[in-house]
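Let's take a tour of a structure, one piece at a time. Keep the 3D view open while you read.

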Protein chains: 2
Amino acid sequence: MTTKMTTLFGIQHPIIQGGMAWVADAQLAAAVSNAGGLGMISAYGLSGQELRAQIHACRELTDKPFGVNIMLMSPQAQEAAQIAAQEKVAVVTTSAGLPTRFMPIWRDAGIKVVPVVANVAMAKRVARDGASAVIAEGYEAGGHVGELTTLTLVPQIADAVDLPVIAAGGIADGRGLAAVLMLGAAGAQVGTRFLAADECGIPQCFKDEVLRARDTDTMVAGKRRGIQVRALKNSYMQELAEQEMNPHVSNAELEQHGSGALWRAVKEGDMVTGCIMAGQAAALVKETMPAAQIIAQIMQGVKALMPA
Amino acid sequence: MTTKMTTLFGIQHPIIQGGMAWVADAQLAAAVSNAGGLGMISAYGLSGQELRAQIHACRELTDKPFGVNIMLMSPQAQEAAQIAAQEKVAVVTTSAGLPTRFMPIWRDAGIKVVPVVANVAMAKRVARDGASAVIAEGYEAGGHVGELTTLTLVPQIADAVDLPVIAAGGIADGRGLAAVLMLGAAGAQVGTRFLAADECGIPQCFKDEVLRARDTDTMVAGKRRGIQVRALKNSYMQELAEQEMNPHVSNAELEQHGSGALWRAVKEGDMVTGCIMAGQAAALVKETMPAAQIIAQIMQGVKALMPA
């Protein structure tokens, strides 16, 4: 399938893997890129040396394009931005902020910059700053989310900017990809479904929670601190929601509660006090399989719905 | 276009007009039905006599099928249910609850019952109770909303029940309808866009607010009382959100604050202390026009995207 997205990145299928913090590593990224999608490495929490090692490891595993996601609010953003430029990775996606300050060094390195946006104003701003495409991410996504849903956000972004729009949030199968193509997207970012990829290095208990998740098993919390996050419902998330409704709990205490929660889930397999980030699409994820098979299934689904 | 929805209702286009409380009257319903969609009258707040008069007025204006929406939490639900049965309206849609107790009288009257559902469990339950179809309504809709977005809810409902699924929430143009058809829906319920129909009797200032609305101009409040509502941001909604976060404000006070707010917006044109219910799709609504033209535009858009 050829879209503005496949042409921009020089890839076979209009699917980019979400750059999930602590999750998206060289092994997963290479598997996705080798299967014809665009694999992503998350720079979140990595030292400069570790990020460089991940990029090099990915180049050992694939000769296809891949990218690096930089969470702009993270303490490592500045160093990660420089390393991405030095390493001339094919693509940088950015989240949680405006990448304006890094655009010149990335432009000079020939990198395609694709910011995640949650509203029209942000899309227009990054288009002016020289973005190559935008990822329009809806409320149903896992991790940090805005308020607009994918169904209403994507057509508005497509109307607002003259760039390829990649839809994110809620897309786990061919139906979802076909739907966002109808909305004017040139492809989709898929996160939650790749949690169940064989090449995804999260603990089995995390994968099991995703596979078990039903429709109403995710929730959003963290709004009081301005960092609204979607994850599977568990003790951690329910306590966070209660605490932020309690005026006697300070923002500092909330921050303390949240500290290290994603790490505990991803690296320690703590399904009780860890933050099991996943989107509403978790309910559509039924089994683990290789990343290549995930992509093949999604594309089969799309082609069955859109014969032309 | 023929879908399971057009066949079920015997209509030309797979579009049902939302049964918006205080808004959806005989005039709007007849305009939609005459244009080949399925028009709906809201029973909310009407006396038995008034509802009967609305049904009769609609029959004067159209010989096509139309329906009545019954909000099950309303004090008039019981009487409205009986009148719908006596009048043998073609379709009843229900919202905010389970219609189980009314199914026998509606079945005896040959009425097609189409409940609004917000999750899989509810869809399965109403299917067992004998529903003819379900309306899967997402978080982006106006008025009372659940947590699942249209993009993730529709395919799950389509997988869960062997009934036509009508998608609701976020659909205002051909792109939205095409998207939900890809997700497995047999058609769409459109509410917010019909607020801007010439035949919609709301005050011009309400229509102007919808036309002016940008992407981030709706918000959700009311969760503490278990009645989460989406409406345009204004003083009323912002105060409601603040009050429900304040533990010193009782639920009784919250109820007092909410009382009559929708009426004030719809009937008195009060855009400050009224509740201007509208969905995220408001940002996609740019101009007023006859209901027939709204439907024609949506169908043109769909046909351009789905040539087959």
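Here is a walk through the pairing of the chains, one helix and one helix pair.

## Before we start

This is a predicted model, where local features need pLDDT of at least 70, side-chain atom pairs count only at pLDDT 80 or more, and totals for chains, interfaces and linings use all residues. Residues are numbered from 1 along each chain as its sequence is written, while chains are lettered from A and ligands numbered from 1 in the order in which they are written.

## How the two chains pair up

Turn chain B by 180 degrees, with 0.0 Å of shift along the axis, and it superposes on chain A with an RMSD of 0.0 Å (a least-squares fit on the C-alpha atoms of residues with pLDDT of at least 70 in both copies). That is the relation of a two-fold axis. Within chain B, B:A179 comes closest to the rotation axis, its C-alpha being 2.0 Å away.

Which elements of chain B give two or more residues to the side that touches chain A? They are α7 (150-160) and α8 (174-182) of chain B; helices here are DSSP runs of H or I with at least four residues, strands are runs of E with at least two, and both are numbered from the N terminus. In total, 32 residues of chain B are in contact with 32 residues of chain A (contact means C-beta atoms, placed from the backbone, within 7 Å). The chain B side divides into 16 nonpolar, eleven polar and five charged residues. In this count, Ala, Val, Leu, Ile, Met, Phe, Trp, Tyr, Cys and Pro are nonpolar, Asp, Glu, Lys and Arg are charged, and the others, Gly among them, are polar.

## A helix with two sides

Now look at helix α6 (residues 120-128) of chain A: its buried residues are A:V120, A:M122, A:A123 and A:V126. Seen down the axis of α6(A), these fall within an arc of 160 degrees, so they line one face of the helix (the arc is that of the directions from the helix axis to the C-beta atoms). On the other side of α6(A), A:A121 and A:R128 are exposed. Buried means 20 or more other C-beta atoms within 10 Å of a residue's own, exposed means 12 or fewer, and partly exposed is in between, with C-beta atoms placed from the backbone.

The cover over the buried residues of α6(A) includes β5 (112-117), β6 (134-137) and α7 (150-160) of chain A. Just after α6(A), A:G130 has a positive phi of about 105 degrees.

## Two helices that meet

In chain A, the axes of helix α2 (residues 26-34) and helix α3 (residues 48-61) come within 9 Å and cross at roughly 35 degrees (axes are lines fitted to C-alpha atoms, for helices over the stretch in contact, and angles run from 0 to 180 degrees between N-to-C directions). A:A26, A:A29 and A:A30 of α2(A) make the contact with A:Q54, A:A57, A:C58 and A:L61 of α3(A). Those residues divide into six nonpolar, one polar and no charged.

Terms used: Contact = placed C-beta atoms within 7 Å.
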